[in-house]
Amino acid sequence: MKTKIVLVRHAQSVKNIKDIHGGKGETLTEFGKKQASNLADKLLKMGVNCNNAVITAPTNIQTKETERIISEKLGLSEYILSDFRPLYLGIVHGLSNEEVADKYPEIFELLFHWRNKELEICDLLIPQMENIFEFYARGTKVLNQLNKGKYNIFVTTSSLYILLLNILFGNTCLKGGGYKHFDISNCGVTVFDQSIDGKFVLNTENTDVEDVLFYARHMKR
């Protein structure tokens with residue numbers, strides 16, 4: 001089997017309801033637990049099983065809980081990647097969107113423009129935020145540690161999902177490098193298959209994130 005990358009955003013959590021940026025995370029809602037269980041069924045239908053897949057997640061509460069539900073249902077082995085950590089958002093880390101708007105209106109505006117694809121990542125300047133080039137380097141290191149010949153399932157936060165998407169699409173953090181925001185719903189799935197030349201190509205059949213599919217259709221135009 002060729003190596004595959006499966007990106008999965010965590011299931012709905014209390015953090016999503018509160019609309020919090022970063023932070024240590026929060027537990028899944030009851031709906032989120034059902035989402036994670038349904039996602040495991042979807043992965044099973046894709047061909048994922050205990051013999052051909054491994055799973056990993058950062059230490060955030062919602063990602064680990066999502067990972068646990070999937071791995072227990074499918075009998076998957078977990079592998080640990082120390083560099084697989086979300087982007088640290090500096091002074092807005094752990095704050096709700098409402099709190100950011102109240103305390104830091106200029107940063108709130110920056111985040112608004114970033115989410116609306118009107119701002120490049122290199123211009124998202126938040127005090128004390130992790131250097132975006134170091135974050136990108138961490139993501140590259142993670143993708144260099146894939147388990148060959150297996151499904152590599154990454155349960156992610158939104159920042160990690162967006163990071164890995166941009167790396168796999170060949171986008172960089174440089175001005176004009178194409179690194180962009182993607183809208184990803186909870187439990188949204190994106191799959192990449194390794195081609196003969198070793199590069200990873202989007203598997204549109206098993207990808208259900210509309211923003212990713214739209215981008216793939218238009219990226220070469």
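Contact here means heavy atoms within 4.5 Å. Keep that in mind for the exercises below, which work through a predicted model.

**Exercise 1. Find Lys-24 and work out what surrounds it.**

Step 1: Start with its place in the chain. Lys-24 sits in the loop that runs between α1 (14-18) and α2 (30-46).

Step 2: Is Lys-24 buried or exposed? The cut-off for exposed is over 50% relative accessible area. Lys-24 has 68% relative accessibility, so it counts as exposed.

Step 3: Now look for its partners. Set aside the neighbours within four places in sequence, and Lys-24 is in contact with Asn-60, Ile-61 and Gln-62.

Step 4: Check a distance as well. Thr-59 is 35 residues away from Lys-24 along the chain, yet their C-alpha atoms are separated by 7.9 Å.

**Exercise 2. Sketch the fold of the protein chain.**

Step 1: Count the elements. You should get eight helices and six strands.

Step 2: Write them down as they come along the sequence: β-α-α-β-α-β-α-α-α-β-α-β-β-α.

Step 3: Judge how compact the chain is. Its radius of gyration is 17 Å, close to the 17 Å that the globule rule gives for 221 residues, so the chain is as compact as a globular protein of that length.

Step 4: Add the overall dimensions. The C-alpha trace spans about 50 × 40 × 30 Å along its principal axes.

Step 5: See how far apart in sequence the contacting residues are. Among contacts with a separation of 6 or more, 71% come from residues 24 or more positions apart.

**Exercise 3. Lay out the sheet and place β4 in it.**

Step 1: Put the strands in order. The six strands make an open sheet, β3-β2-β4-β1-β5-β6, with mixed pairing.

Step 2: Which strands are at the edges? They are β3 (77-78) and β6 (200-202), each of which pairs on one side only.

Step 3: Take one neighbour of β4. Strand β2 (residues 53-56) pairs with β4 (residues 151-156) in the parallel sense, over four bridges. Ala-53 has Tyr-151 as its bridge partner, and Thr-56 stands opposite Phe-154.

Step 4: Take the other neighbour. Strand β1 (residues 4-9) also pairs with β4 in the parallel sense, this time over six bridges. Here Val-6 stands opposite Ile-153.

Step 5: Sort the β4 side chains by direction. In a regular strand the side chains alternate between the two faces of the sheet. Tyr-151, Ile-153 and Val-155 point one way, while Asn-152, Phe-154 and Thr-156 point the other way.

Step 6: How many residues of β4 are buried? Six of its six residues are, so to speak, under cover.

**Exercise 4. Follow the chain into helix α7.**

Step 1: Locate the helix and check its cover. Helix α7 takes up residues 158-168, and 10 of its 11 residues are buried.

Step 2: Name some of them. The buried residues include Leu-160, Tyr-161, Ile-162 and Asn-166.

Step 3: Look just past the end of α7. There Gly-170 takes a positive phi of about 85 degrees.

**Exercise 5. Describe the surface and the charges of the chain.**

Step 1: Begin with burial across the chain. Of the 221 residues, 52% count as buried.

Step 2: Turn to the surface. The accessible surface comes to about 10,900 Å², and 52% of it belongs to carbon and sulfur atoms.

Step 3: Tally the charges. There are 27 positive and 26 negative side chains, and the centres of the two sets lie 6 Å apart.

How values were computed:
Residues are numbered from 1 along each chain as its sequence is written. This is a predicted model: local features need pLDDT of at least 70, side-chain atom pairs count only at pLDDT 80 or more; totals for chains, interfaces and linings use all residues. Side-chain values use heavy atoms; hydrogens and water are left out. Helices (H or I, at least four residues) and strands (E, at least two) are DSSP runs, numbered from the N terminus. The radius of gyration is taken over C-alpha atoms; the globule rule is 2.2 Å times the number of residues to the power 0.38. Buried means under 20% relative accessible area, exposed over 50%, partly exposed in between (1.4 Å probe, protein chains only). Accessible areas come from the Shrake-Rupley method with a 1.4 Å probe; for residues, only the protein chains shown count as cover. Lys and Arg count as positive and Asp and Glu as negative; His and the chain ends are not counted. The place of a charge is taken as NZ of Lys, CZ of Arg, CG of Asp or CD of Glu. Two strands pair if DSSP finds at least two bridges between them.
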